[in-house]
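Visitor: I am new to reading protein structures. Could you walk me through this one, step by step?

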Amino acid sequence: MFTVKPLESPLAKAVEAPMHGSTVEVHLNDGSYLPTGEKPRKPTHCVLTPKFVTQAERIHHLTVYEDDVWILSFPKCGTTWTQEMVWLISHDLDYRTASEVNLLDRSVFLEFSAFVLNYPGDTIEQVEKATRPRHIQCHLPIALLPKQIWTVRPKLIYCARNPKDASVSFFHHYRHLHGYRGPMPDFLDALLTDQILFGPQIPHTLDYWNVRREMNILFLHFEEMKTNMSDVLRRVCRYFGKSYSDQQLATLEKHLSFDVMKNNKSANNSCVLELVESLSGKKVENFQFMRKGKIGSHTEELSEEYIKRFDEYITKHLEGTDFRFK
């Protein structure tokens with residue numbers, strides 16, 4: 001079902017992190033059941049871990065329900081933000097439950113236990129046993145999603161983000177949560193050569209973009225959520241067949257503002273920091289899961305050389321497609 005290729009280059013070894021260990025490329029052998037989309041393309045592989053490989057078939061055969069809601073993205077592309085927004089809109093703006101039940105329990109990260117070493121639970125089983133309608137967060141590309149998604153057709157929401165900003169955010173995530181201690185250039189070089197966990201980002205995004213109409217995927221951009229959240233909220237409401245007053249939407253927009261979200265313990269993934277600390281036995285210093293949330297923040301940390309390399313990398317991958325990052 002899957003072909004697994006160990007990543008054994010010196011760079012891949014240099015960017016291994018204690019949270020997940022070594023990495024491999026996971027390729028789907030037969031994608032004939034996948035939607036064709038607007039332009040036939042070979043679905044991308046994904047950089048994951050040997051531990052994930054042991055769970056890949058469980059995910060492939062996971063039962064999918066029509067009323068499922070799947071939040072899909074590459075890491076650090078507005079996932080948490082999208083989860084909270086989608087959960088509240090689809091649950092009639094139930095702020096009370098949202099404050100009492102952590103977002104990780106309201107919107108389960110499917111493959112989390114499948115790549116984190118020594119994780120004390122089973123997030124795949126948590127999804128299986130979740131009360132319907134289930135909200136499921138997932139960073140996997142289309143090739144590694146449950147097969148039933150393409151026939152059952154649940155609600156799918158994808159959030160994209162400019163790779164330059166995402167790369168800087170992912171570096172800080174890798175350093176503080178994954179335990180990576182190497183230099184930033186090694187991490188960036190690994191991203192640009194598709195050797196970082198969950199990569200490659202752009203083919204990941206393009207695969208979802210290609211099937212968005214066929215699969216009725218609600219396609220969002222992190223940058224749109226920053227610059228025109230009111231419009232994004234209305235699009236999400238239409239997708240779920242919900243209607244709220246202007247005042248209700250204004251209240252929701254304030255709730256979803258970065259300053260409010262980063263201090264919302266029920267939705268800012270602070271419990272992930274606590275889990276990482278318990279697994280590693282070390283305090284995570286000077287880090288918040290929701291760090292800056294800015295557009296263009298890469299200019300503060302990437303050199304002109306790396307900005308140029310990312311621009312070339314993006315141009316190369318987008319050639320021949322109608323997709324553009326914001």
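Visitor: Which residues of H3 are buried?

Guide: Buried means under 20% relative accessible area, exposed over 50%, and partly exposed in between (1.4 Å probe, protein chains only). The buried residues of H3 are Thr-79, Thr-80, Trp-81, Thr-82, Gln-83, Glu-84, Met-85, Val-86, Trp-87, Leu-88, Ile-89 and Ser-90. That is 12 of its 12 residues, so H3 is largely enclosed by the rest of the structure. Before we go on, a word on the source: this is a predicted model, in which local features need pLDDT of at least 70 and side-chain atom pairs count only at pLDDT 80 or more, while totals for chains, interfaces and linings use all residues. Residues are numbered from 1 along each chain as its sequence is written, and side-chain values use heavy atoms, with hydrogens and water left out.

Visitor: What do labels such as H3 stand for?

Guide: Helices (H or I, at least four residues) and strands (E, at least two) are DSSP runs, numbered from the N terminus. The protein chain here has 17 helices and eight strands. Its radius of gyration, taken over C-alpha atoms, is 19 Å, close to the 20 Å that the globule rule gives for 326 residues, so the chain is as compact as a globular protein of that length. That rule is 2.2 Å times the number of residues to the power 0.38. The C-alpha trace spans about 55 × 45 × 40 Å along its principal axes, and buried residues make up 56% of the 326 residues.

Visitor: What span should helix H3 have, and how far apart are its ends?

Guide: The expected span of a helix is 1.5 Å times one less than its number of residues. For the 12 residues of H3 (residues 79–90) this gives 16 Å, and the end C-alpha atoms are 16 Å apart, which agrees. After H3 comes Asp-92, whose phi is positive, near 55°.

Visitor: How are the strands arranged in sheets?

Guide: Two strands pair if DSSP finds at least two bridges between them. One open sheet has three strands in the order S1-S2-S3, with antiparallel pairing. Strand S1 (2–6) and strand S3 (46–48) are its edge strands, each pairing on one side only. Within this sheet, strand S2 (residues 24–28) pairs with S3 over three bridges, and Val-24 stands opposite Leu-48 in S3.

Another open sheet has five strands in the order S5-S6-S4-S7-S8, and its pairing is parallel. The edges here are strand S5 (108–109) and S8. S5 and S6 are joined by two bridges in the parallel sense, with Phe-109 opposite Gln-137 in S6.

Visitor: How many aromatic pairs are there in the whole structure?

Guide: Rings of Phe, Tyr and Trp (its six-membered ring) pair if their centres lie within 6.5 Å; planes under 30 degrees apart count as stacked, over 60 as edge-to-face and the rest as tilted. A search of the whole structure finds 21 such pairs. In one of them, the rings of Trp-209 and Phe-219 have centres 4.9 Å apart and planes at 80°, so the pair is edge-to-face. Trp-209 lies in helix H11 (residues 201–210) and Phe-219 in strand S8 (residues 217–221), so the pair ties together parts that are 10 residues apart in sequence. Both residues are buried. There is also an aromatic cluster formed by Phe-74, Phe-170, Phe-171, Tyr-174, Tyr-180 and Phe-187.

Visitor: Over which rings do the charged ends of Lys-147 and Arg-161 sit?

Guide: A charge sits over a ring if NZ of Lys or CZ of Arg is within 6 Å of the ring centre and within 35 degrees of the ring normal. Lys-147 has its charged end over the ring of Tyr-33, 5.1 Å from the centre. For Arg-161 the ring is that of Phe-222, 4.0 Å from its centre.

Visitor: Which backbone details should I look at in the loop between H10 and H11?

Guide: Look for Pro-200, found in this loop between helix H10 (184–192) and H11. The peptide bond from Gly-199 to Pro-200 is cis, with omega near 0°. Phe-198 lies in that loop too, and has a positive phi of about 75° although it is not a glycine. At 3% relative accessibility, Phe-198 counts as buried.
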